[in-house]
Amino acid sequence: MEPKKFALNDIVEMKKQHPCGTNKWKIIRMGADVRIKCEGCQHSVMIPRREFEKKMKKVLISVNESN
Ligand SMILES: [Zn+2]
């Protein structure tokens, strides 16, 4: 499996969708922990980076594609 690339402000899909029915999350903070915000209900969660990498399915929209 190739390593996942993600960056601040990317929109990602998780393996498990949020209970509100949306599976689009925006990365709003990056560090040892990653904070993502549900695009459906604006709820945000903080996940340890390693766990985030495991739970993230794919990047839907990458804001830094040109870099
Ligand atoms: Zn939600």
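These exercises walk through the fold, core and selected residues of one predicted model.

Residues are numbered from 1 along each chain as its sequence is written. Because the model is predicted, local features need pLDDT of at least 70 and side-chain atom pairs count only at pLDDT 80 or more, while totals for chains, interfaces and linings use all residues.

**Exercise 1. Determine how many helices and strands the protein chain has, and their order along the sequence.**

Step 1. Take the DSSP runs, numbered from the N terminus: helices are H or I over at least four residues, strands are E over at least two.
Step 2. The count gives one helix and five strands.
Step 3. Along the sequence the pattern reads β-β-β-β-α-β.

**Exercise 2. Work out the strand order in the sheet and name the edge strands.**

Step 1. Two strands pair if DSSP finds at least two bridges between them.
Step 2. The five strands form an open sheet, ordered β4-β3-β2-β1-β5, with antiparallel pairing.
Step 3. β4 (44-48) and β5 (56-61) are the edges, each pairing on one side only.
Step 4. Neighbouring strands are turned by 40° against each other on average, direction ignored. The axes here are lines fitted to C-alpha atoms (for helices over the stretch in contact), and angles run from 0 to 180 degrees between N-to-C directions.

**Exercise 3. Trace the pairing of β3 with β4, then inspect the hairpin.**

Step 1. β3 covers residues 33-38 and pairs with β4 in the antiparallel sense over five bridges.
Step 2. Asp-33 stands opposite Pro-48 of β4. Ile-36 has Val-45 as its bridge partner in β4.
Step 3. The hairpin has five residues between the strands, and Gln-42 takes a positive phi near 70° there.
Step 4. Most residues other than glycine have a negative phi. Gln-42 is not a glycine, yet its phi is positive.
Step 5. Gln-42 counts as exposed because it has 10 C-beta neighbours inside 10 Å. The scale, with C-beta atoms placed from the backbone, counts other C-beta atoms within 10 Å: buried at 20 or more, exposed at 12 or fewer, partly exposed in between.
Step 6. Set Asn-9 beside this residue. Asn-9 lies in the segment before β1. Asn-9 is also not a glycine and has a positive phi of about 75°. With 13 other C-beta atoms within 10 Å, Asn-9 is partly exposed.

**Exercise 4. List the residues of the largest nonpolar core and find which strand supplies the largest share.**

Step 1. A nonpolar core is a set of buried Ala, Val, Leu, Ile, Met, Phe, Trp, Tyr and Cys residues joined through C-beta atoms within 7 Å.
Step 2. The largest one has nine residues: Phe-6, Val-12, Trp-25, Ile-27, Val-34, Ile-36, Cys-38, Phe-52 and Met-56.
Step 3. β2 (25-29) and β3 each supply at least two of them. The largest share, three residues, comes from β3.
Step 4. Look at Ile-36. Contact means C-beta atoms, placed from the backbone, within 7 Å. Setting aside neighbours within four places in sequence, Ile-36 is in contact with Trp-25, Lys-26, Ile-27, Ile-28, Ser-44, Val-45 and Ile-47.

**Exercise 5. Locate Cys-20 and Lys-58, and describe the surroundings of each.**

Step 1. Cys-20 sits in the loop between β1 (11-14) and β2. Cys-20 is exposed because 12 C-beta neighbours lie inside 10 Å.
Step 2. Beyond four places in sequence, Cys-20 is in contact with Cys-38, Gly-40 and Cys-41.
Step 3. Cys-20 and Arg-49 are 29 residues apart in sequence and 23 Å apart in space, C-alpha to C-alpha.
Step 4. Lys-58 belongs to strand β5. Lys-58 counts as exposed, with 10 C-beta neighbours inside 10 Å.
Step 5. Not counting residues up to four places away in sequence, Lys-58 touches Val-12 and Glu-13.
Step 6. Lys-58 and Lys-4 are 54 residues apart along the chain, but their C-alpha atoms are separated by 7.6 Å.

**Exercise 6. Compare the radius of gyration of the protein chain with the compact-globule value.**

Step 1. The radius is taken over C-alpha atoms, and the globule rule is 2.2 Å times the number of residues to the power 0.38.
Step 2. For 67 residues a compact globule would have a radius of gyration near 11 Å; the protein chain has 11 Å, so the two agree.
Step 3. Along the principal axes, the C-alpha atoms fill a box of roughly 30 × 25 × 20 Å.
Step 4. Of the 67 residues, 15% count as buried.

Key
Contact = placed C-beta atoms within 7 Å.
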